Amino acid sequence: PAHSRSIWRKALADYILMAAAVLIFFGIGFGVLRLALGPTVIDRIAAIDALTIVSISTMALYGLVAERFIYLDAALVYGVLSFLAVLAGARYLERGL
C-alpha cells in the first residue's frame, strides 16, 4: 500500500506540473497580446510586468522539475529587479526622470 501511494503522488504531481505549464503558456500568450494591442503606454508597462511574473513562474517551475533550487533564488532576484523597473516606469510616466 505504501508503494501505491507513492506512485499516486508522483502521477498527481506530474498532472499539477503539466497544468501549471499550460497556464504559464496561456499567460505568455495573453501578455504578448496585451503588449502588442495595448492602446496606451501604461497598458504596455502592465503587460511587461505580467510577462516578467510569468517568466518568474517559469523559472520556479523549471527549478522544481529539474530539482535545482538555485533557479528559485534567481527568480527572487529577477522579481525584485522587475518590481524596481515597474516603479521606475511609473515614476517616469508620472513626472519624468
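This report walks through the helices, aromatic pairs, pocket and loops of one protein chain.

The model is predicted, so local features need pLDDT of at least 70 and side-chain atom pairs count only at pLDDT 80 or more, while totals for chains, interfaces and linings use all residues. Residues are numbered from 1 along each chain as its sequence is written, and side-chain values use heavy atoms, leaving out hydrogens and water.

## Overall build

The protein chain has three helices and zero strands. Helices (H or I, at least four residues) and strands (E, at least two) are DSSP runs, numbered from the N terminus. The order from the N terminus is α-α-α.

The chain holds 97 residues, and 12% of them count as buried. Buried means under 20% relative accessible area, exposed means over 50%, and partly exposed lies in between (1.4 Å probe, protein chains only).

Contacts describe how the chain meets itself. A contact means heavy atoms within 4.5 Å. Among contacts with a separation of 6 or more, 47% join residues 24 or more positions apart.

## Helices α2 and α3

The expected span of a helix is 1.5 Å times one less than its number of residues. The table sets this beside the distance between the end C-alpha atoms.

| Helix | Residues | Expected span | End C-alpha distance |
|---|---|---|---|
| α2 | 41-66 (26 residues) | 38 Å | 37 Å |
| α3 | 70-95 (26 residues) | 38 Å | 38 Å |

For α2, the two values agree. For α3, they agree as well.

Which residues of α2 are buried? They are A47, L51, T52, V54, L61 and G63. In α3, the buried residues are A75, S82 and G89. The cover over these α3 residues includes α2.

S82 gives a close-up of α3. This residue lies in helix α3. Its relative accessibility is 7%, so S82 counts as buried. S82 touches D49 and T52, leaving aside residues up to four places away in sequence. T52 is itself among the buried residues of α2.

Just after α3 comes G96, with a positive phi of about 85°.

## Aromatic pairs

A pair of aromatic rings is described by the distance of the centres and the angle of the planes. Rings of Phe, Tyr and Trp (its six-membered ring) pair if their centres lie within 6.5 Å; planes under 30 degrees apart count as stacked, over 60 as edge-to-face and the rest as tilted. How many aromatic pairs does this rule give? The count is three.

One pair is F26 with F30. The ring centres are 6.5 Å apart and the planes stand at 25°, so this pair is stacked. Both residues sit in helix α1 (residues 2-37), and being four residues apart puts about one helical turn between F26 and F30. F26 is partly exposed, at 44% relative accessibility. F30 is exposed, with a relative accessible area of 59%.

Another pair is Y62 with Y71. Here the centres are 5.1 Å apart and the planes meet at 75°, an edge-to-face pair. Y62 is partly exposed at 46% relative accessibility. Y71 is partly exposed too, at 31%.

F25, F26 and F30 form one aromatic cluster.

## The largest pocket

Rolling a probe the size of a water molecule over the atoms shows where empty space is left. On a 1 Å grid over the protein atoms alone, a pocket is an open set of points where a 1.4 Å probe fits, with protein on both sides within 12 Å along at least five of seven lines; lining residues have an atom within 4 Å of a point.

The largest pocket holds about 160 Å³ of space. Grid points are joined across faces, edges and corners, and a volume is the space filled by probe spheres set on the points.

Which residues line the largest pocket? They are K10, A13, D14, L17, L64, V65 and E67. The elements giving two or more residues to this lining are α1 and α2. Helix α1 gives the most, with four residues.

The lining divides into four nonpolar, no polar and three charged residues. Ala, Val, Leu, Ile, Met, Phe, Trp, Tyr, Cys and Pro count as nonpolar, Asp, Glu, Lys and Arg as charged, and the others, Gly among them, as polar.

## Two loop residues

E67 lies in the loop between α2 and α3. Its phi is near 55°, a positive value in a residue other than glycine. At 62% relative accessibility, E67 is exposed. E67 is also one of the residues lining the largest pocket.

P39 sits in the loop between α1 and α2. Its relative accessibility is 65%, so P39 counts as exposed. P39 touches R34 and R44, not counting residues up to four places away in sequence.
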